[in-house]
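Work through the exercises below with the model open. Each task is followed by a stepwise solution.

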Amino acid sequence: MFLYIADTGLLALRAEPSEDGELILTFPGGIGGHLLTRLELRGDWMRVRIEVHGYRCPSEPPWEGVDVMEGWVRWRGADGVPNIESISGVC
């Protein structure tokens, strides 16, 4: 399974599952440019591995030179609307 970010503007990758957690990276929404893999869920927060500018099918090996980071993103906003959704079967 891999995930894509809904078009909600910028999302924050944080070191801890909190709005006060250290900011690692901000990245735009949309399906292209980033591959996210879910690692853990805690309430409205999801720990992910993100391949920055590394969109590919999960069955393919990672590209050389792609930045890979891990951290927490808020997958569901305060209004209950998801910021991140799963996709399957697109490859």
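**Exercise 1. Burial and fold**

What percentage of the 91 residues in the chain do buried residues make up?

Solution. First, the conventions. This is a predicted model, in which local features need pLDDT of at least 70, side-chain atom pairs count only at pLDDT 80 or more, and totals for chains, interfaces and linings use all residues. Residues are numbered from 1 along each chain as its sequence is written, and side-chain values use heavy atoms, with hydrogens and water left out.

Step 1. Apply the classes: buried is under 20% relative accessible area, exposed is over 50%, and partly exposed is in between (1.4 Å probe, protein chains only). Buried residues make up 35% of the 91 residues.

Step 2. Add the surface. The chain exposes about 5200 Å² (Shrake-Rupley method, 1.4 Å probe). Carbon and sulfur atoms supply 50% of that area.

Step 3. Assign elements by DSSP runs, numbered from the N terminus: helices are H or I with at least four residues, strands are E with at least two. The chain has zero helices and six strands. Its pattern reads β-β-β-β-β-β.

Step 4. Check contact range, with contact meaning heavy atoms within 4.5 Å. Of the contacts between residues at least 6 apart in sequence, 49% join residues at least 24 apart.

**Exercise 2. The core**

Identify the residues of the largest nonpolar core and the elements that give two or more of them.

Solution. Step 1. Use the criterion: buried Ala, Val, Leu, Ile, Met, Phe, Trp, Tyr and Cys residues joined through side-chain atoms within 4.5 Å.

Step 2. List the set. The largest core has 11 residues: Leu11, Leu13, Leu25, Phe27, Leu36, Met46, Val48, Ile50, Val73, Trp75 and Ile84.

Step 3. Sort by element. β1, β2 and β4 each give two or more residues to this core. The largest share, three residues, comes from β4.

**Exercise 3. The salt-bridge network**

Trace the network that contains Glu40.

Solution. Step 1. Recall the principle: side chains of opposite charge can pair when their charged atoms come close. The cut-off here is a side-chain nitrogen of Lys or Arg within 4 Å of a carboxyl oxygen of Asp or Glu. The structure holds seven such salt bridges.

Step 2. Start at Glu40. Its side chain meets that of Arg42 at 3.1 Å, N to O. Arg47 also bridges to Glu40, at 3.2 Å.

Step 3. Check exposure. Glu40 is partly exposed at 27% relative accessible area. Arg42 is partly exposed at 46%, and Arg47 is partly exposed at 25%.

Step 4. Go to Arg49. Arg49 pairs with Glu70, the closest N and O atoms being 3.2 Å apart. Arg49 lies in β4 (residues 45–52) and Glu70 in β5 (residues 67–74), so the pair ties together parts 21 residues apart in sequence. Arg49 is partly exposed at 30%, and Glu70 is partly exposed at 38%.

Step 5. Join the pieces. Bridges that share partners link Glu40, Arg42, Arg47, Arg49 and Glu70 into one network.

**Exercise 4. A loop glycine**

Is Gly21 buried or exposed?

Solution. Step 1. Locate Gly21: the loop between β1 (2–14) and β2 (23–30).

Step 2. Read the area. Gly21 is buried, at 6%.

Step 3. List its contacts. Leaving out residues up to four places away in sequence, Gly21 touches Arg14 and Glu16.

Step 4. Take the C-alpha distance to Trp72. The two atoms are separated by 8.8 Å, with Gly21 and Trp72 51 residues apart along the chain.
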